[in-house]
Amino acid sequence: MHEEYASDFEICITRYSESDAGALCDVNADPEHRKRFDFPDDFMPSIQHAKTVISSWNREFDSNSRFAFAVRIRNDGTLVGG
């Protein structure tokens with residue numbers, strides 16, 4: 001996490017990429033995130049699951065049916081949200 005204030009950064013919105021799978025896997029292990037998004041109790045986060053989700057989001061994006069966006073710090077591409 002960056003220690004600077006959010007106003008110190010310009011952000012950009014992109015599609016998710018396979019390289020975001022590690023970050024998504026970490027978020028999927030967060031208890032608060034799991035509670036808010038109603039994960040099954042027996043769900044086990046994994047890199048493969050995250051890659052599958054990202055691939056699904058990108059297929060949906062290509063078909064104009066759903067648009068999942070990654071929020072990044074513009075100057076270095078760091079993923080900070082979605």
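**Close-up 1. Who sits around alanine 70 in this predicted model.** Set aside the neighbours within four places in sequence, and alanine 70 still touches quite a list: Cys12, Ile13, Thr14, Arg15 and Tyr16, plus Leu79, Gly81 and Gly82. Keep Tyr16 in mind, since this contact of alanine 70 turns up again in the next view.

**Close-up 2. The largest nonpolar core.** Nine names to find here: Tyr16, Ala21, Leu24, Cys25, Ala50, Ile54, Trp57, Ala68 and Ala70 make up the 9 residues of this core. Helix 1 and helix 3 each chip in with at least two of them.

**Close-up 3. Two cysteines, 12 and 25.** Is cysteine 12 buried or exposed? Buried counts as under 20% relative accessible area, and cysteine 12 comes in at 17%, so it makes the cut. Cysteine 25 has a value of 13%, so it is buried too. As for disulfides, searching the whole structure turns up 0.

**Close-up 4. The largest pocket and its lining.** How big is the volume of the largest pocket? It comes to about 540 Å³. Its lining takes in 19 residues, and the ones nearest the centre are Tyr16, Leu24, Val27, His33 and Trp57. Helix 1 (21-28), helix 3 (47-62) and strand 3 (79-81) are the elements giving two or more residues to that lining. Helix 1 gives the most, with 4 residues. Sorted by class, the lining has 13 nonpolar residues, 5 polar ones and 1 charged one. Spot the familiar faces: Tyr16, Leu24 and Trp57 lie among those nearest the pocket centre, and they also belong to the largest nonpolar core.

Note on methods
Residues numbered from 1 in each chain as written. Predicted model: local features only at pLDDT ≥ 70, side-chain atom pairs only at ≥ 80, totals over all residues. Heavy atoms only, no water. 1 Å grid on protein atoms, 1.4 Å probe; cavity = no way out; pocket = protein on both sides within 12 Å on 5 of 7 lines; lining within 4 Å. Points joined across faces, edges and corners; volume = space filled by probe spheres on them. Nonpolar A, V, L, I, M, F, W, Y, C, P; charged D, E, K, R; others polar. Disulfide = S-S within 2.5 Å. Buried < 20%, exposed > 50% of the residue type's maximum accessible area, 1.4 Å probe, protein only. Core = buried A, V, L, I, M, F, W, Y, C linked by side-chain atoms within 4.5 Å. Contact = heavy atoms within 4.5 Å.
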